[in-house]
Number of protein chains: 4
Amino acid sequence: MDYQSILEDIAHAVQPEFGKGRVADYIPALARVSPAKFGMAIETLHGESFLWGDAEEPFSIQSISKVFTLTMAFALEREGLWQRVGLEPSGNPFNSLVQLEYEKGIPRNPFINAGALVVADVLLNHYPGPNTAVLEFVRKLAGAPEIRFDLEVMRSEQETGYRNAALAYFMKSLGNIHNPVEKVLGLYFHQCALAMSCRQLARAFLFFANHGALPATGERILALSQSKRLNAIMLTCGFYDEAGEFAFRVGLPGKSGVGGGIVAIIPNELAIAVWSPELNEHGNSRAGILALELFTTMTGMSIF
Amino acid sequence: MDYQSILEDIAHAVQPEFGKGRVADYIPALARVSPAKFGMAIETLHGESFLWGDAEEPFSIQSISKVFTLTMAFALEREGLWQRVGLEPSGNPFNSLVQLEYEKGIPRNPFINAGALVVADVLLNHYPGPNTAVLEFVRKLAGAPEIRFDLEVMRSEQETGYRNAALAYFMKSLGNIHNPVEKVLGLYFHQCALAMSCRQLARAFLFFANHGALPATGERILALSQSKRLNAIMLTCGFYDEAGEFAFRVGLPGKSGVGGGIVAIIPNELAIAVWSPELNEHGNSRAGILALELFTTMTGMSIF
Amino acid sequence: MDYQSILEDIAHAVQPEFGKGRVADYIPALARVSPAKFGMAIETLHGESFLWGDAEEPFSIQSISKVFTLTMAFALEREGLWQRVGLEPSGNPFNSLVQLEYEKGIPRNPFINAGALVVADVLLNHYPGPNTAVLEFVRKLAGAPEIRFDLEVMRSEQETGYRNAALAYFMKSLGNIHNPVEKVLGLYFHQCALAMSCRQLARAFLFFANHGALPATGERILALSQSKRLNAIMLTCGFYDEAGEFAFRVGLPGKSGVGGGIVAIIPNELAIAVWSPELNEHGNSRAGILALELFTTMTGMSIF
Amino acid sequence: MDYQSILEDIAHAVQPEFGKGRVADYIPALARVSPAKFGMAIETLHGESFLWGDAEEPFSIQSISKVFTLTMAFALEREGLWQRVGLEPSGNPFNSLVQLEYEKGIPRNPFINAGALVVADVLLNHYPGPNTAVLEFVRKLAGAPEIRFDLEVMRSEQETGYRNAALAYFMKSLGNIHNPVEKVLGLYFHQCALAMSCRQLARAFLFFANHGALPATGERILALSQSKRLNAIMLTCGFYDEAGEFAFRVGLPGKSGVGGGIVAIIPNELAIAVWSPELNEHGNSRAGILALELFTTMTGMSIF
């Protein structure tokens, strides 16, 4: 399929979306990003790359990082993990304390903030230097040793992250955080501050389209069944309170972040990443969602 | 693939589940069903049928009927429907008034009871004889003119359906039910009382594996994109508060009912139905869920 | 104390409130009432009456009727009643289904709509002709055989009372309504449609200031301890979601209705009723609340 | 009235309550307290004292301290305070995050933990040494310079106070905590660790029965209207989720703490304190509640 001209068609078709959303502005380092940025990257299992626009410019991946830490934790704890975090779509905005209270400190799924904090807590049990471990893991997946934390973003998050502190202390009071809250938040704020490009993201997600093995080396990151299951979680929970809508309109496993990035995969085929900083009211990239919808329409690709 | 021996293997493997669940007992007609009933049916796009156990005995399909009425309403109202019912997984038990209150009378999705009542209300706008229309539609899908309503079940539901009456009156007070509540409940209680066998269910769902067209005649029931979208809704919302767990463990679009039936489809391949009346705490058939998990494990089939 | 000149002073002081609120408009018969209506009446235990403005014009007492039916039910069932309805302030808008769901069908208190429906259900168990029983009871309290139901109001409520139907069916589904829902609603819509004047209301509430006995005849309506307890419920629950604010600003046991009426009592002294149809955002009469606050400030009367 | 023999009668009548409740055990210093402790003290506006049992033994006053800090804050900020904390009974358990989320960081009332944290934040704005200020204030009210913080209790609370940290960080994220969270928690954990006897508590609350002025010196602590209003808040909100029940059964303004203490006042008459560490399911002293109910029954005293 001629992916390059499809990317071009998509780029034109999403133009009317620009100017209609809002760039995340809760920290200065994100608010400063130009709303006009737009990049797309496709990486296929055949080893091809297709790029468009700002596809090689790193941006703050934010919640997309939850997929990486979940992968690490799932590889370490195949069963125990699911005693501490659920698998069900949230049904509430992504950082709801309400739900956490009714469910006694067990986050609904690993992609709401509370769930990602529990996942970070799990990694703290296994790695003496968890920040480095996460960074090395992501570099390996993407084949990109130049990936770094954006320390300005990290420090801003740390200074204003009261709600995440509330979530962590609340779960600690309910027994579902085992390490000191400051350490859990430290790892969490680092992972959210990972800066990656569309190209790096697409490459880092490609093993999910390859049943859990890195396409380049064949190294197995997750067992086959685990890889399928992570895809299922991405499909049902990957887009905050808009997961059902995304499944309906796009129908691919994926994950978004408030930096404006979205990555999705087509099993046995490819990974695709889009970046456009303007968000809709659910915190997902407006142009990004539309781009992926157009991609599935134009290619006829779908898991359904 | 040798589906017949796979069914046999599954039948043996699920034996330990029996006696651990509870048959639905909110109405006598359901409580009377033997917990030992167990049937499975596979219908493939190649026209093959594979049956096991009580595969041809009709049982009360209950919430599985919501897929049929949604299909009818979606065919009639491609866009308008989604102004009145959402697409997001529920995040709460299947007939929650709480959620409905917070979301101003718009049910989260068409498979919670409130959503199915809105769908019934839509059908009432289009059909002068809605009970007959639903019955004829299901008979056509299944190619089985002998399908009937179980009137004893229907009357029992009507007599004890106070919670559904509460849901309907509540949505009426919020403007999201347009017909008289009694008529909406009348249709709803009829559809839930449809009696079908595993074989009939598998056949009636086969068009979802065929991109929206009836395999036998080629008649288009839903447009291609609509068919994919209905599959997406089944995957994300088809199993009450256990949809994420089902996607994680099984990974197929499907729908369950408190009569103990489950139907699922594998796109481009087949539809499979299981019946076992003992339910887990989420209202889904215990042996049915396990049977489907084993089926995907044994066949390696998955949409992910 | 010169209550007549106090009423006059209050009447002037509340003038700026007019035009700032909204007359209840969910049924035509209420929406038609002139927002300029304003009446006050004081009845003392010494047998004096002080009237101002439209003090003798009947209006729809709406939720104030819940005090009368609760009194009847409390006289009949001293203990059992509190198994079916709670005593705690609501903490939520007055007709919340949310709270009812979390508390398994036991309304938080007898003055939210759900609680009043349970009280009506209790009266149905004791009176073959409950509408007449309520009417006769209120006539006796007020010494006013001319009190009637406003049948136009009653029929309007019945036609639009979907939310109350939802509440009743929901509690029926949870086992806390024992009679047919239509009968419970029938009584409830009648009691809300009682038409009474400020003077009649003040007189009908005077026994709460007299420890449970009718001042005129000495007839005991409630035991001493019951009368105190009903006063406590009025103080903590009598003003929807504004009960704490009312206790803070006014500090008297009382009850309001969306018809714009408020009645309050000062133990051992008097009962005072105010009518002004414009409501604040909590559904309480704007000028009525202010009038009572001024009354306690001017007289120095308070239970605290 | 012969208060001494009334205390004696009460002491006998509450015997059956012992052994039925649970001493607070979330920190060791509280869990160690003997469940057999029982003290009562009455202080009247005539200057009389009546004591029973362990009336002069200091215990951890816990949430009763919220009345003292609220009094200080109300004296400092007559209006502004109520922009940051509400006046409505909670309708939910005393430290609910749910309610706080729905009400955007404004605690329902100053006696739930969240509300007391906001009050502590207000005091931090006014006092450079807030711990000392609170201690001096309470010593003055009680005329007891020997009152101290129990530093063991204070340190235990600090170590395990994750839920309060969650509440404070959550309100900080919503803009309703202005000082650093650690400082707010520091003051809060100190105030809860005040150790006082029944006698000291009764004396410290006596000004609420005296319209806001210290009976001994005439010094005005609160304006008359403020004093009445604080009494109203105690009546409607002073007993966690059991405030309505307490108003119904006892009918006096008061406040309880999980240390097993309860203080209540009768306007123009007296203050009464009871201590019994065994709690009911709402966190209120079992024998304490009963003792106060008996007191009002035996004396006929009531504000209603």
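This report looks at how the chains of a predicted model are arranged and at one small sheet in chain B.

Residues are numbered from 1 along each chain as its sequence is written, while chains are lettered from A and ligands numbered from 1 in the order in which they are written. Because the model is predicted, local features need pLDDT of at least 70 and side-chain atom pairs count only at pLDDT 80 or more, whereas totals for chains, interfaces and linings use all residues.

Let's start with symmetry. A turn of 180° and a shift of 0.0 Å along the axis lay chain A on chain B with an RMSD of 0.0 Å (superposed by least squares on the C-alpha atoms of residues with pLDDT of at least 70 in both). That is the relation of a two-fold axis.

Next come the contacts, where two residues count if their C-beta atoms, placed from the backbone, lie within 7 Å. Chain D and chain C each give 28 residues to their contact. On the side of chain D, the largest share, eight residues, comes from α12(D). Two other pairs of chains do not touch:

| Chains | Distance of nearest C-alpha atoms |
|---|---|
| Chain A and chain C | 11 Å |
| Chain B and chain D | 11 Å |

Finally, the sheet. In chain B, three strands form an open antiparallel sheet in the order β4-β6-β5. Helices (H or I, at least four residues) and strands (E, at least two) are DSSP runs, numbered from the N terminus, and two strands pair if DSSP finds at least two bridges between them. β4 (59–60) and β5 (148–149) of chain B are at the edges with a single partner strand each, so one side of each lacks a neighbour in the sheet. Within the sheet, Phe59(B) stands opposite Met196(B) in β6(B).
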